[in-house]
Amino acid sequence: YKARVEALEASKAGGNVYLTLLSGMKLAITLRMQGQLQGTIDLCQDQFRLANEKGVSQMPVVGWLQAIWGEALAETNQLAEALEKVRQGVTITERGEDIAMNGWSQLCLVRILFIHGNLDEAENILNKLETISYKRNMPPYVVGLIFAWKARIFVARDKLTAANQWVATHNLTFEGPITQLNESQYLVLARILLAKSQIDETQNLLQRLLGLAKASGRISRIIEIL
């Protein structure tokens, strides 16, 4: 009986730590979107320290936390450390069953690889994620980011025919309805329009994107749009 009680208490303690880490991870995402990069980094460090103290540093949520941490490091131009941190995070989330955590973490890695100019590895990851999305119930916001990043790589490689096909497949127009769910795709559309020298359409779309970002106080997105 005593052993069962101790096991139950340990399980509750583990659950409480998980909820704490999950809350911390969500707050880290919010801080990064608000442009509070040092606050994001500090929070991730504190949460990672807690995970180590509690012996749960290999939980998938900790891997996700490390991926967010890496993104914030990249924003402060600590690129080598950012890449190392995100790779560590992906290694952990890949072991878990949470498809959202794994997908988001992999996308963080794609972003860092893109910054480094490693488009081949970034594209390979996106192709793998696309295949997974067809087989498993991946959240729509993750799927949207996968396709947005694929199109952004098309633009970076100057593959405008493939980019135009992507636009047609997703029924995107510069006057289309923008939500936070499809915002990343419209940001890529702006890059495609710009690459095609459609300046007026680009400006119109960016102004609408800017209004949405300002309304929700997402400083990181505002900077990107500007």
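A residue is called buried here at under 20% relative accessible area, exposed at over 50%, and partly exposed in between, using a 1.4 Å probe and protein chains only. By that yardstick asparagine 171, with 65% relative accessibility, counts as exposed. Asparagine 171 sits in the loop between H8 and H9, and it has a positive phi of about 55° despite not being a glycine. The model is a predicted one, so local features need pLDDT of at least 70 and side-chain atom pairs count only at pLDDT 80 or more, while totals for chains, interfaces and linings use all residues. Residues are numbered from 1 along each chain as its sequence is written, and side-chain values use heavy atoms, with hydrogens and water left out.

Helices, like strands, are DSSP runs numbered from the N terminus (H or I and at least four residues for a helix, E and at least two for a strand). Helix H5 covers residues 99-116. It has 18 residues and reaches 26 Å from its first C-alpha to its last, close to the 26 Å expected at 1.5 Å a residue; the expected span is 1.5 Å times one less than the number of residues. H5 is mostly covered, with 15 of its 18 residues buried. At its N-terminal end, aspartate 98 acts as a cap, placing a side-chain oxygen 3.0 Å from the backbone nitrogen of alanine 100. That pair falls under the heading of polar contacts (N or O atoms within 3.5 Å; within protein, one must be able to donate a hydrogen and the other to accept it, and residues adjacent in sequence count only if both atoms are side-chain atoms). After H5 comes glycine 117, whose phi is positive, near 85°.

Asparagine 102 lies in H5 and is buried, with a relative accessible area of 11%. Leaving out residues up to four places away in sequence, asparagine 102 touches Thr93 and Glu94, where contact means heavy atoms within 4.5 Å.

Two helix pairs are worth a look. Two packed helices are described by the angle between their axes and the distance between the axes. Axes are lines fitted to C-alpha atoms, for helices over the stretch in contact, and angles run from 0 to 180 degrees between N-to-C directions. H5 packs against helix H6 (residues 119-135) at an angle of about 160°, with their axes 8 Å apart. The two are therefore roughly antiparallel to each other. In this scheme, angles under 35 degrees count as roughly parallel, over 145 as roughly antiparallel, 65 to 115 as roughly perpendicular and the rest as oblique. H5 passes H6 in a left-handed crossing, meaning that the near helix is turned anticlockwise from the far one by less than a right angle, whereas clockwise would be right-handed. On the H5 side, the residues making this contact include Ile99, Gly103, Leu107 and Val110; those of H6 include Leu119, Ala122, Ile125 and Leu129.

The other pair is H7 and H8, whose axes come within 8 Å and cross at roughly 150°. That makes H7 roughly antiparallel to H8. H7 also passes H8 in a left-handed crossing. Here Phe147, Ala148, Ala151, Phe154 and Val155 of H7 meet Ala162, Ala163 and Trp166 of H8.

Helix H9 (residues 183-195) should span 18 Å for its 13 residues at 1.5 Å a residue, and its end C-alpha atoms, 19 Å apart, agree with that. With 10 of those 13 residues buried, H9 is largely enclosed by the rest of the structure. Its cover includes helices H7 (140-156), H8 (160-169), H10 (199-215) and H11 (219-225). Among the buried residues of H9 are Tyr186, Leu187, Val188 and Ile192. Glutamine 185 is also found in H9 and is buried, with a relative accessible area of 11%. Neighbours within four places in sequence aside, glutamine 185 is in contact with Gly144, Ala148, Trp166, His170 and Leu172.

H9 is followed by serine 197, which lies in the loop between H9 and H10. Its phi is near 65°, a positive value in a residue other than glycine. Serine 197 counts as exposed, at 56% relative accessibility.

Helix H3 (residues 60-75) rounds off the set: its 16 residues reach 23 Å from first C-alpha to last, close to the 22 Å expected at 1.5 Å a residue. H3 is largely enclosed by the rest of the structure, since 14 of its 16 residues are buried. Just after H3, asparagine 77 takes a positive phi of about 70°.
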